[in-house]
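Thank you all for making time this morning. I would like to walk you through a model that most of you have not seen before, so please have a look at it first.

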Amino acid sequence: MHQSYTENGTADHPVSLLPSMKVHELQGKNSAMSGSLLVSTFVGLLINQVKSSKAAQGLVGLKNLGNTCFMNSILQCLSNTHSLRDYCLHNSHRRDLNRTNTALMEEFAKLIQTMWTSSSSDAVSPSEFKTQIQRYAPRFVGYNQQDAQEFLRFLLDGLHNEVNRVTVRPRATTEDFDHLSDDEKGKKMWSKYLEREDSKIVDLFVGQLKSSLTCTECGYCSTVFDPFWDLSLPISKKGYGEVSLMDCMRLFTKEDVLDGDEKPTCYRCKARRKCTKKFTIQKFPKILVLHLKRFSEARVRSSKLSTFVNFPMKDLDLREFASDRSSSAVYNLYAVSNHSGTTMGGHYTAYCCNPDSGEWYTFNDSRVTPMSSSQVRSSDAYVLFYERSGL
Ligand SMILES: [Zn+2]
């Protein structure tokens, strides 16, 4: 099994940025250089140092406040989400803040800003942020180990609510779009969703799933469109050894039979009929979060699958799962939330690709260490963050 922590911590001094020899080189090569020119060159180098240390920012650990590695792991994945980071760094979120509750988004942005502008590489305490997420979702009160994926959902939901561009939601209507083509119906449903839920968080993370129900008696097909914030993929079992992420996607989208008590009512037969159900992806999000269902049930956690799921780092092509096969849907991996250990005791870390340098780092609470991209795939991988390419 892949070992996710390293103790040889370069975390306190992640990167040495100013090659001090350059000053001497300069002096040697330009011995006739005047003192004041040397001083200004040196100042120039210092400014460069500040600039280049900016490029390596974001390599700041988060203190563990007592079983909060699940939170730290997710925060690091979000901190390395390029557009979300910039949204916070440029204070764009301020434009979108609602008038009522704003504390969670403000604390989140403050934390991201500290992580990306701090001149020190000391670990940051996310305690004020924790206070706000507890206020929003009281189940995160206290210091129990929690599920990272559930935490992510609560957090994104909370942030979304505070920067939702919709302040007055229109009254729900029961419009019927069944006369439209599937594609038009999908678009209508999406714009109806945006009339209520429209934020930077939605822009980035939300996609749309199409489920098609086909009556086995008359062949009538009805479609339903639902927004999704992430996809929870079952881990296919293939005897021994590894499975691929595509296997898990195929299992997720596999045609299901609804029979017995589950029989839906067919619109044409006007009776309950055995139907087949199949998912396709109608709209691909910019950021695709894939949750590998390693736990039998997130809350109870009676068992954990430690199957190695082989996932591509580059060019994950999901076209075969698209409602419209002609749309392109290629993704690159940029962060992973890992869970090591068992259901009884475990630990979360994050592997993230720095959006500025393209280098991978291990974030293990307060420790941040460089890693090779070849180590990113492991049987600890739990939540995968992909960014759509070509956007
Ligand atoms: Zn029917």
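Arg135 is partly exposed, with a relative accessible area of 40%, and I should say at once that the model we are looking at is a predicted one. This arginine forms a salt bridge with Glu162, and the closest N and O atoms of the two are 3.5 Å apart. Since Arg135 belongs to helix H7 and Glu162 to helix H8, which covers residues 148–163, the pair ties together parts that are 27 residues apart in sequence. Is Glu162 buried or exposed? Its relative accessible area is 4%, and because buried means under 20%, Glu162 counts as buried.

Helix H7, residues 127–136, also contains Glu128, and Glu128 forms a salt bridge with Lys110, here with the closest N and O atoms 3.7 Å apart. Lys110 lies in helix H6, so this pair ties together parts that are 18 residues apart in sequence. Lys110 has another partner as well, namely Glu107, and for that salt bridge the closest N and O atoms are 3.3 Å apart. Both Lys110 and Glu107 sit in helix H6, residues 103–117, with their positions three residues apart in the count, about one turn of the helix. In terms of accessibility, Lys110 is partly exposed at 43%, whereas Glu107 is buried at 15%. As general background, side chains of opposite charge can pair when their charged atoms come close.

How many salt bridges does the structure hold? There are 16 of them, and among the residues involved, Arg85, Asp86 and Asp356 are joined into one network by salt bridges that share partners.

Let me turn now to the metal site. The zinc ion is coordinated by the SG atoms of Cys215, Cys218, Cys266 and Cys269, at 2.3 Å. Along the chain, these donors follow the spacing C-x2-C-x47-C-x2-C. The angles among the four donor atoms run from 105 to 115°, and the site is tetrahedral; for comparison, the ideal angle for four tetrahedral donors is 109.5 degrees. Of the coordinating cysteines, Cys215 is buried, with a relative accessible area of 3%, while Cys218, at 28%, counts as partly exposed.

Next, please look at the sheet. Four strands make up an open sheet in the order S2-S1-S8-S5, with antiparallel pairing. Strand S2, residues 221–228, and strand S5, residues 256–258, stand at the edges with a single partner strand each, so one side of each is left without a neighbour in the sheet. From one strand to the next, the twist averages 30°. At the S5 edge, the pairing with strand S8, residues 275–283, is antiparallel and runs over three bridges, and within it Val257 has Thr276 in S8 as its bridge partner.

I will finish with a residue in a loop. Where is Asn354 placed? It lies in the loop between strand S13, residues 346–353, and strand S14, residues 360–364. Although Asn354 is in a loop, it is buried, with a relative accessible area of 2%. A polar atom of the Asn354 side chain lies 3.1 Å from the backbone oxygen of Gln57. I am happy to go back to any of these places in the model.

Conventions
Residues numbered from 1 in each chain as written. Predicted model: local features only at pLDDT ≥ 70, side-chain atom pairs only at ≥ 80, totals over all residues. Heavy atoms only, no water. Donors = N, O, S within 2.8 Å, 3.2 Å for Na, K, Ca; no water. Tetrahedral: all angles 85-135°; square planar, octahedral: opposite > 155°, others 65-115°. Buried < 20%, exposed > 50% of the residue type's maximum accessible area, 1.4 Å probe, protein only. Salt bridge = Lys/Arg side-chain N within 4 Å of Asp/Glu carboxyl O. Helix = DSSP H or I, 4+ residues; strand = E, 2+ residues; numbered from the N terminus. Polar contact = N/O pair within 3.5 Å; in protein donor to acceptor, adjacent residues only side chain to side chain. Pairing = 2+ DSSP bridges. Axes fitted to C-alpha atoms, helices over the stretch in contact; angles between N-to-C directions.
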